[in-house]
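Reader: I should like to understand how the parts of this structure meet. Could the discussion proceed by question and answer?

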2 protein chains.
Amino acid sequence: MFVEFGFHATPTSKIAKEAGVANGTLFHYYKTKDELIFALYAHTKSHLTEYMYANASKDESLELVFKSIYTNTIEWAQENKPEFYFIQQFSTSPFYGLISHEEITKQAKPHLDFLQDGIKAAVIKPMPVDLLYTLINSHIAGINQYLSSQEFSTDKQKKIINESFQLLWDMIT
Amino acid sequence: MFVEFGFHATPTSKIAKEAGVANGTLFHYYKTKDELIFALYAHTKSHLTEYMYANASKDESLELVFKSIYTNTIEWAQENKPEFYFIQQFSTSPFYGLISHEEITKQAKPHLDFLQDGIKAAVIKPMPVDLLYTLINSHIAGINQYLSSQEFSTDKQKKIINESFQLLWDMIT
DNA sequence: ACAATGATTGACTAATCAGTCTACAAATAT
DNA sequence: ATATTTGTAGACTGATTAGTCAATCATTGT
């Protein structure tokens, strides 16, 4: 509903109704509407992170692990479009600025470590990991936007993902 | 104010006050608050577009023209952070979905044409221009996010822009 | 069996908001 | 000079909203 109508155009009364509970119940679990929004963001973000690292055996080469994470992320986004869109909407909203810097770095830590390993192993080009991370995230956001902009067959979609991965991989290695 | 507080947390009364006019005056020029928001988006977007193509002499090589557009865009974004942030906020909000598809393609047309020329000239890799366009936009959004995340000296900033341009250029050519 | 705590309800409220309306002022046209 | 249109003002309204509250209901521990 936040994605469809926006944060403030989605009243708590409708959220409660959609959830099948009374108005008061909602405020029993979340002191304020903002708290609910933050909780939803954290919840959604952790779902994505969990899915990203699924099937990531540490035996594979760094490229294969990275490709697995890349593919997983896009797959999750395509199968959970509202959730992914919500993350983006939240990230570019004033709400995002209210999250503590600490929380954000904590969230990004595992990803940054992974990239740092890649640099240390002389696989990934030496550059600030923050920059690298941002570039990768933006790239993935772009691919998702493209994949959502029109209807592709599953095969065509896989082809796009493979090719765009190669572009990204060549760029950072 | 939209960037700072969000769309609905910015009442028309405060907009009018900030603009130094009475409440009624605002609604004399914009029938609804939404109309004002759309107008602000169109206004801001056209400012950016104008700046992007500044100093773009058609005599230069395609790479130099592209680099000029690239640099201009990032410069504008860094010098007009709230405006750039507003465009991003708007683009990932439910408002964006209310803009006609026609309007969007019309807006992107010159950029797509430019990229198409690059492909025809065998400078840019052959791929769907939509995809190319999205990748470039995402890349630029990422760089801006990175540049805004910490304070860089002007020299350092220029260095980052140059290096990241090279990454992008190598990726698409 | 009986406390005690936690969960659920929905009517209620105080505040806020987008948009209206009437009156007046300024500018422009005749 | 007068008439007509356009711009400005700000008090006002009806609707909506986040959040409260007092009263039940359910669950758990003893």
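Reader: Which residue has a polar backbone atom 3.3 Å from a base nitrogen of DNA strand D?

Author: This is a predicted model, in which local features need pLDDT of at least 70, side-chain atom pairs count only at pLDDT 80 or more, and totals for chains, interfaces and linings use all residues; side-chain values use heavy atoms, with hydrogens and water left out. Residues are numbered from 1 along each chain as its sequence is written, while chains are lettered from A and ligands numbered from 1 in the order in which they are written. A polar contact here is a pair of N or O atoms within 3.5 Å; within protein, one must be able to donate a hydrogen and the other to accept it, and residues adjacent in sequence count only if both atoms are side-chain atoms. The residue with its backbone atom 3.3 Å from the base nitrogen is G24(B).

Reader: What share of the atoms of DNA strand D that come within 4 Å of the protein is sugar and phosphate?

Author: A residue is near a strand if one of its heavy atoms lies within 4 Å of it. There are 13 residues around DNA strand D, and T12(A), K33(A), T25(B), H28(B) and Y29(B) come nearest. Of the strand's own atoms within 4 Å of the protein, the share from sugar and phosphate is 68%.

Reader: How far does a polar side-chain atom of Y29(B) lie from a phosphate oxygen of DNA strand D?

Author: The phosphates of DNA strand D are approached by backbone as well: an N or O atom in the backbone of A22(B) is 3.0 Å from a phosphate oxygen. For the side chain of Y29(B), the distance is 2.3 Å.

Reader: Which element of chain A gives the most to the surface near DNA strand C?

Author: Around DNA strand C there are 13 residues, the nearest being A22(A), T25(A), Y29(A), T12(B) and K33(B). Helices are DSSP runs (H or I, at least four residues), numbered from the N terminus. With five residues, the element of chain A that gives the most is helix α3 (residues 23-29).

Reader: Which relation links chain B to chain A?

Author: Copies are superposed by least squares on the C-alpha atoms of residues with pLDDT of at least 70 in both. Chain B is superposed on chain A by a rotation of 180° with 0.0 Å of shift along its axis, at an RMSD of 0.0 Å. The relation is therefore that of a two-fold axis.

Note on methods
Helices (H or I, at least four residues) and strands (E, at least two) are DSSP runs, numbered from the N terminus.
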